[in-house]
Amino acid sequence: MKKTPQAARRPDGRDTAQKAGSLPRAADRIRSSAQDLFYHQGIRAVGVDAIVAEAGVTKPSLYRSFASKDELVVAYLRDYEVEFWRRFNAAVEAHPGDPRAQILAYFAGLTKRTCMAEYRGCGLTNACIEYPEPDHPARQVSVANKRQVRARLIELAREMGARDPEALGDGLQLLLEGACVSSQVFGAEGPVRYLADTAARLIDASLA
């Protein structure tokens, strides 16, 4: 009997294998291939030819689903953002009424993801680096997300009773971004292994 392939988990939380018996539409194959290529190779480095080759479709098929590469990039980033908030909100929901535990749970999960072999940092942060132009749609999506994350961290800091919620929230965001980037340089044995502990110390030192 032929075994059903098991879906592997990617660093961004998505499954790399399709469920048995499913046949993805061309648009879905394009989106999935773009997600993988953009995340692992960089958005600017990946052209439309590479995406259609990976997806097994034609260029006309791609442009029927996405008017331009930029539109596909935005779809990729929107999907990435959905996964980010899914993980963040799961950590919050796991510890109702305890903002300190909520943040530390998210950071603990981030530490595990940064240790995965295929982890390439935060896709939204990477997009900000690749697209410095303030009016580019990829940058606009990414910056909007980062602003929302900052506001959420400041809100949680306020709920904890921090003396200066903005300072604590910004400090936590610096830790978050630093973990995503430093793990690409030093790997699992680098600074990221102290992420949750450092966050806990920062929080405790910031409480009134």
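**Exercise 1. Decide whether glutamate 177 is buried or exposed, and find its contacts.**

Solution. Glutamate 177 has a relative accessibility of 19% and therefore counts as buried, since buried means under 20% relative accessible area, exposed over 50% and partly exposed in between, with a 1.4 Å probe and protein chains only. The model is predicted, so that local features need pLDDT of at least 70 and side-chain atom pairs count only at pLDDT 80 or more, while totals for chains, interfaces and linings use all residues. Residues are numbered from 1 along each chain as its sequence is written, and side-chain values use heavy atoms, with hydrogens and water left out. Next, place the residue: glutamate 177 belongs to helix α8, where helices (H or I, at least four residues) and strands (E, at least two) are DSSP runs numbered from the N terminus. Finally, when neighbours within four places in sequence are set aside, glutamate 177 is in contact with Thr125 and Lys146, contact meaning heavy atoms within 4.5 Å.

**Exercise 2. Carry out the analysis for serine 183.**

Solution. Serine 183 also sits in helix α8, and because its relative accessibility is 7%, serine 183 counts as buried. Apart from neighbours within four places in sequence, its contacts are Thr114, Tyr119 and Gly178.

**Exercise 3. Describe the cavities and what lines them.**

Solution. Begin with the definition: on a 1 Å grid over the protein atoms alone, a cavity is a set of points where a 1.4 Å probe fits but cannot get out, and lining residues have an atom within 4 Å of a point. Grid points are joined across faces, edges and corners, and a volume is the space filled by probe spheres set on the points. Two cavities of 30 Å³ or more are present, and the largest has a volume of about 80 Å³. Its lining comprises 12 residues, of which Tyr80, Arg87, Tyr106, Leu110 and Tyr119 are the closest to its centre. Helices α4, α5 and α8 each supply at least two residues of that lining, which divides into nine nonpolar, one polar and two charged residues; here Ala, Val, Leu, Ile, Met, Phe, Trp, Tyr, Cys and Pro count as nonpolar, Asp, Glu, Lys and Arg as charged, and the others, Gly among them, as polar.

The second largest cavity holds about 30 Å³ of space, and its lining consists of Phe84, Asn145, Lys146, Val149, Gln173, Leu176 and Glu177. The elements giving two or more residues to this lining are α7 and α8, and by class the lining has three nonpolar, two polar and two charged residues.

**Exercise 4. Identify the largest nonpolar core and the element with the largest share of it.**

Solution. A nonpolar core is a set of buried Ala, Val, Leu, Ile, Met, Phe, Trp, Tyr and Cys residues joined through side-chain atoms within 4.5 Å. The largest one has 54 residues, and Phe38, Ile51, Phe107 and Leu110 have the most contacts inside it. Several helices supply at least two residues each, among them α1 (26-41), α5 (99-114) and α7 (137-160), but the largest share, 12 residues, comes from α4. As for Phe38, residues up to four places away in sequence are not counted, and Phe38 then touches Ile43, Val46, Ile51, Lys69, Leu72, Val73 and Tyr76.

**Exercise 5. Summarise the protein as a whole.**

Solution. The protein has nine helices and zero strands, and buried residues make up 45% of its 208 residues. Of the contacts with a separation of 6 or more, 65% join residues 24 or more positions apart.

Technical notes
1 Å grid on protein atoms, 1.4 Å probe; cavity = no way out; pocket = protein on both sides within 12 Å on 5 of 7 lines; lining within 4 Å.
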